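Reader: Hello! I have this chain open on my screen, and I would love a close look at one part of it, the largest nonpolar core. Could you walk me through what builds that core and how its pieces fit together?

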Amino acid sequence: MEPVKYTYEELLQQNEELRIQLEEANDTIDAIRTGQIDALIVNGVDGHQLYTLKTADQTYRVFIEKMNEGAVTLNREGTILYSNSRFAAMMNLPLEKVIGLNFTSFIPEISVEKFNDLMQKGWVEDCKGEILLADKQGKLTPCLLSCTTLDLDEGIALSLILTDLTSQKETEWELKIKNEQLLAAQNAAEKLNNELEDTVKARTNDLLISREHFKLLANNIPQMTWTNLPAGEVDFYNQQWYNYTGTRYGETVGWGWQHVVHPDDLPNTLDKYIEALKTGHIFEVENRYKRWDNTYRWHLNRAVPLRDDKGAIIFWVGTATDIEDQKREMDRKDEFIGIASHELRTPLTSLKGYLQLITSYKREEIPPVVKQYIEKASVAINKLQRLINDLLDVSKIQAGRLEYALDKISLSDLMVQVTENSKHIYPLYEFDSQLQPGIRVMGNAERLEQVLMNFINNAVKYSLADKRIILKTIVKDNLVRVSVTDFGIGLSAEQIGRIFERFYRVEDKRHITGGLGMGLYISDEIINNHHGKIGVESELGKGATFYFELPLIV
């Protein structure tokens, strides 16, 4: 067959078309390499197919690149497989020159032994320790090295997070000098006081020694410390208070401390302070104090009463601990949770849509095994959906945006519905319903159902042996108590005190459970918004009863 002959102009046109196709292919490859593309739709023999890229983690790679810590990934030989820009900047090298180097090239001789110990331990379990790093100019940088293993497609790798401790070490050194100076001054003052004590009568000697010991302790702790009389007037501050506030004794003695509390925090602080004075219970509140430079920082305040032999309060001792850094870290965590939850929602919705399309496919019969896989995938997606919804609820709670309408509802009907759903979801468990009819409350049915399902889910998770679960309602004094009782592992007194905290999970080596510890925290917020009360009654090894109380509609 004679080959087709083309004119010169036709060859030029074909060459131009090939050049354009090559440029488009190169652009596509660059987009995949840089993470700009999360998935591809390919038109093949079987029609359009969706391929998700393994590197579809743009959000997390941006997070790693933007973090203040250095991050590297090593293989077994110590070769750097990945490095973020922060680590390259710490070592004063371009990023492209860091990847491929052996990490030991940045370890000075003085840290080699400790580094080797950390590496040997890091391949077995998560660990951390302080070492020195040396850049190519020999400059040493103190770092906190955190090790954890990663299971990659290419095999197990070791992830290192390196936190620059330079500023911290400088601060520790300055603090040491300040403490030495302060100690010298205090020793001088103590010596003078000792000389004065020789002239005091013997019957006051023990009291003076106790007072000086307290002052020495108070002035050498990092927290601000005070004492106040039973009526509430403050009569002592430690030196940290004056250093922080920049005030003098007469300015904040008595009730003068109110001037350094943030105006938005003062009403809550006063309410809890006065309540503690009335009841004698421990005073605890978070608020912001104004520093000498007119900036506010968050503090955790806690005061306990000192009582005499008859139980009467002599005075109170209180401390204020700076928690500004912890607050900021929690805010950053909340921001990340909110962003991550929203980012996860879109691909999850697409995945659910594809599964629904597959399920509704009618052109030919879907094999039973494929249907089984689709059902399992749907269950997993629903679990992930609930987790994302919990994350979003936590984010809304922290932002003060967890809002919903309240209306008159039949709590009895809601309990019957929840019981029936639970029997369907957990067919292996025995549900005993002890419900009263005709109970009506002001609430949001969807949110109250969420609270009840959280109670039931916890009962199931921690009751693997005895599978009885009791759902009960009790009406008393214009209140209804709704409770869910299980006969599982129970809770200790310490666990009861923390069970409704955010991200708190009961740790029991015999019962490994999933979840992030958000369900009860969200439930607590929902019941509070319903003007109700939530709680738990339990003994270790004897099961638990979670309950909430709501006012009845009269």
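Author: Happy to! Let me start with a term: two residues are in contact when heavy atoms of theirs lie within 4.5 Å. Counting contacts in the chain between residues at least 6 apart in sequence, 53% join residues at least 24 apart. Please keep in mind that this is a predicted model. For the wider setting, the chain holds 16 helices and 19 strands, and of its 554 residues 35% are buried. Its accessible surface is about 34,800 Å², with 54% belonging to carbon and sulfur atoms.

Now to your core. The largest nonpolar core has 38 residues, and the members that touch the most others are L411, L448, F455, I456, I469, F546 and F548. Helices and strands both take part: the elements giving two or more residues are the helices α13 (411-425), α14 (445-461) and α16 (519-529), along with the strands β16 (468-476), β17 (479-486), β18 (533-538) and β19 (544-551). The most generous of these is α14, with eight residues. As a general background, nonpolar side chains tend to be buried together in soluble globular proteins.

L448 is a good residue to click on. Leaving aside neighbours within four places in sequence, L448 is in contact with I409, L411, L414, V441, G443, I527, H530, F548 and L550.

Two of those partners, L411 and L414, also appear where α13 meets α14. On the α13 side of that meeting are L411, L414, M415, Q417, V418, N421, S422 and I425, while α14 brings A445, L448, E449, L452, M453 and I456. The two helices pack at an angle of about 45°, and their axes are 10 Å apart. Because angles between 35 and 65 degrees are neither roughly parallel nor roughly perpendicular, α13 is oblique to α14. The crossing of α13 past α14 is right-handed.

Between two of the contributing strands, β16 and β17, there is a loop that holds D477. D477 has a positive phi of about 55° although it is not a glycine. Is D477 buried or exposed? Its relative accessible area is 65%, so D477 counts as exposed, the cut-off being over 50%.

If you would like to look beyond this core, a second, separate one has 25 residues, including I80, V98, F103 and F106.

Key
Residues numbered from 1 in each chain as written. Predicted model: local features only at pLDDT ≥ 70, side-chain atom pairs only at ≥ 80, totals over all residues. Heavy atoms only, no water. Helix = DSSP H or I, 4+ residues; strand = E, 2+ residues; numbered from the N terminus. Buried < 20%, exposed > 50% of the residue type's maximum accessible area, 1.4 Å probe, protein only. Areas by Shrake-Rupley, 256 points an atom, 1.4 Å probe, with all protein chains shown as cover. Core = buried A, V, L, I, M, F, W, Y, C linked by side-chain atoms within 4.5 Å. Axes fitted to C-alpha atoms, helices over the stretch in contact; angles between N-to-C directions. Parallel < 35°, antiparallel > 145°, perpendicular 65-115°, else oblique. Left-handed = near helix turned anticlockwise from the far one by under 90°.
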